[in-house]
Amino acid sequence: MFEEFQQSNKVRDLSEHTITSYQATYRAFIESYDEENLCDSLCIQVVNNFILHLKEKRNVNNISINTHLTNIRAFINYCGRLGYMEAFKIPSLRAEKKVKETYTDSELIILLKKPDVKRCSFVEYRNWVFTNYVVGTGNRVSTVVNIKISDLDLDNDTIILKKTKNKNQQIIPISNSLKIVLLDYLKYRKGAENDYLFCTAMRTTNDS
């Protein structure tokens with residue numbers, strides 16, 4: 001039934017991250033529940049046993065457990081819609097999210113200090129530009145690594161994001177300071193319109 005569920009997720013074009021997350025939950029779940037059981041034998045007690053397994057055997061915190069519970073809900077609701085079982089509610093655990101530490105102003109100054117382009121490697125320079133971009137836009141890494149040179153419209157100070165979490169394309173503005181960084185980077189990086197903005201390596205003129 002889980003294989004059918006995953007096939008449906010792929011047909012619905014869910015993100016690879018979501019499908020992988022479902023798979024990780026399934027692998028953890030069958031550690032405490034025999035995968036040969038019929039799906040209609042699932043009940044809240046089975047889920048509670050799974051929660052205890054994660055806490056006691058895997059030492060998983062409540063925030064991560066809630067992610068697993070979200071995935072199980074999706075599977076149970078899918079089975080319920082198809083009439084394989086009667087869906088039931090799974091409450092989330094109480095979990096306090098810790099406030100993430102952010103960079104101080106002095107740390108940001110160090111982090112964003114421009115390297116000597118004449119002496120540093122391309123990778124070091126690219127990473128500096130990448131850091132400036134992420135700090136300046138707040139975009140997800142998975143979005144940034146899929147930006148192509150053609151997605152930049154520096155004449156109008158905008159960038160089109162084609163790969164986002166909700167799969168909806170977005171056009172975002174960029175600051176003048178980030179624009180200057182990107183313009184200098186493109187002069188150094190060069191490349192074709194269809195190339196990724198942040199490439200993994202750069203060939204020299206002596207490369208064949």
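**Exercise 1. The sheet**

In which sense do S1 and S2 pair, and over how many bridges? Work out how the sheet is put together, keeping in mind that you are looking at a predicted model.

*Solution.*

Step 1. Start with the pair in the task: S1 and S2 are antiparallel, and 2 bridges connect them. One place to look is Asp153, which sits opposite Thr158 in S2.

Step 2. Now follow the chain from S1 to S2. The two strands make a hairpin with 4 residues between them. In that turn, Asp157 has a positive phi of about 55°.

Step 3. Move on to the other neighbour of S2. Strand S2 covers residues 158-161 and is joined to S3 by 4 bridges, again in the antiparallel sense. Ile159 faces Ile172 in S3, and Thr158 has Pro173 in S3 as its bridge partner.

Step 4. Put the pieces together. You get an open sheet of 3 strands in the order S1-S2-S3, paired antiparallel. Strand S1 (152-153) and strand S3 (170-173) are the edge strands, since each pairs on one side only.

Step 5. A bit of background: strands in a sheet are paired through hydrogen bonds of the backbone.

**Exercise 2. Two faces of one strand**

Which residues of S2 are on its covered face, and which are on its uncovered face?

*Solution.*

Step 1. Go along S2 and sort its residues by face. Ile159 and Leu161 belong to the covered face.

Step 2. Thr158 and Ile160 belong to the uncovered face.

Step 3. Link this back to the pairing. Ile159, from the covered face, is the residue that stands opposite Ile172 in S3.

**Exercise 3. Salt bridges around the sheet**

How many salt bridges are counted in this model? Look at three of them and say how accessible each partner is.

*Solution.*

Step 1. The count is 4 salt bridges. The idea behind them is that side chains with opposite charges can pair when their charged atoms come close.

Step 2. Take Lys162 and Asp151, whose closest N and O atoms are 3.2 Å apart. Lys162 is in the loop between S2 and S3, while Asp151 is in the loop between helix H7 (141-144) and S1, so the pair links distant parts of the chain, 11 residues apart. Lys162 has a relative accessible area of 48%, so call it partly exposed. Asp151 has just 5%, so it counts as buried.

Step 3. Next, Lys179 and Asp157 form a salt bridge, with 3.0 Å between the closest N and O atoms. Lys179 is part of helix H8 (residues 176-189) and Asp157 is in the loop between S1 and S2, so this pair ties together parts that are 22 residues apart in sequence. Lys179 is buried because its relative accessibility is 18%, and the cut-off for buried is under 20%. Asp157, at 29%, is partly exposed.

Step 4. Finally, Asp116 and Arg119 meet in a salt bridge at 3.8 Å, N to O. Asp116 comes out as partly exposed because its relative accessibility is 40%. Arg119 is exposed, with 77%.

**Exercise 4. Patches on the surface**

Which residues form the negative surface patch, and which form the nonpolar one?

*Solution.*

Step 1. The negative patch consists of Glu3, Asp34, Glu35 and Glu36.

Step 2. Place one of its members: Glu36 is in the loop between helix H2 (16-29) and helix H3 (44-56). With a relative accessible area of 64%, Glu36 is exposed.

Step 3. The nonpolar patch is made of Tyr103, Leu111 and Val135, with about 280 Å² of accessible area together.

Step 4. Tyr103 is in the loop between helix H4 (62-81) and helix H5 (105-111). Tyr103 counts as exposed because its relative accessibility is 53%.

Step 5. Use Leu111 to reach another part of the chain. Thr131 is 20 residues from Leu111 in sequence, and their C-alpha atoms are 8.1 Å apart. Thr131 belongs to helix H6 (residues 122-137) and, at 22% relative accessibility, is partly exposed.

**Exercise 5. Positive phi**

Where is Asp13, and where is Lys190? Give the phi of each.

*Solution.*

Step 1. Asp13 is in the loop between helix H1 (2-11) and H2. Its phi is near 60°, a positive value in a residue other than glycine.

Step 2. Lys190 is in the segment after H8. The phi of Lys190 is near 55°, which is also positive.

Step 3. Check the accessibility of Lys190 too: at 56% relative accessible area, Lys190 is exposed.

Methods. Residues are numbered from 1 along each chain as its sequence is written. This is a predicted model: local features need pLDDT of at least 70, side-chain atom pairs count only at pLDDT 80 or more; totals for chains, interfaces and linings use all residues. Side-chain values use heavy atoms; hydrogens and water are left out. Two strands pair if DSSP finds at least two bridges between them. Patches are made of residues with over 30% relative accessible area and no salt bridge: like charges are joined within 9 Å, nonpolar side chains (Val, Leu, Ile, Met, Phe, Trp, Tyr) within 5 Å. Accessible areas come from the Shrake-Rupley method with a 1.4 Å probe; for residues, only the protein chains shown count as cover. A salt bridge is a side-chain nitrogen of Lys or Arg within 4 Å of a carboxyl oxygen of Asp or Glu. Lys and Arg count as positive and Asp and Glu as negative; His and the chain ends are not counted. The place of a charge is taken as NZ of Lys, CZ of Arg, CG of Asp or CD of Glu. Buried means under 20% relative accessible area, exposed over 50%, partly exposed in between (1.4 Å probe, protein chains only).
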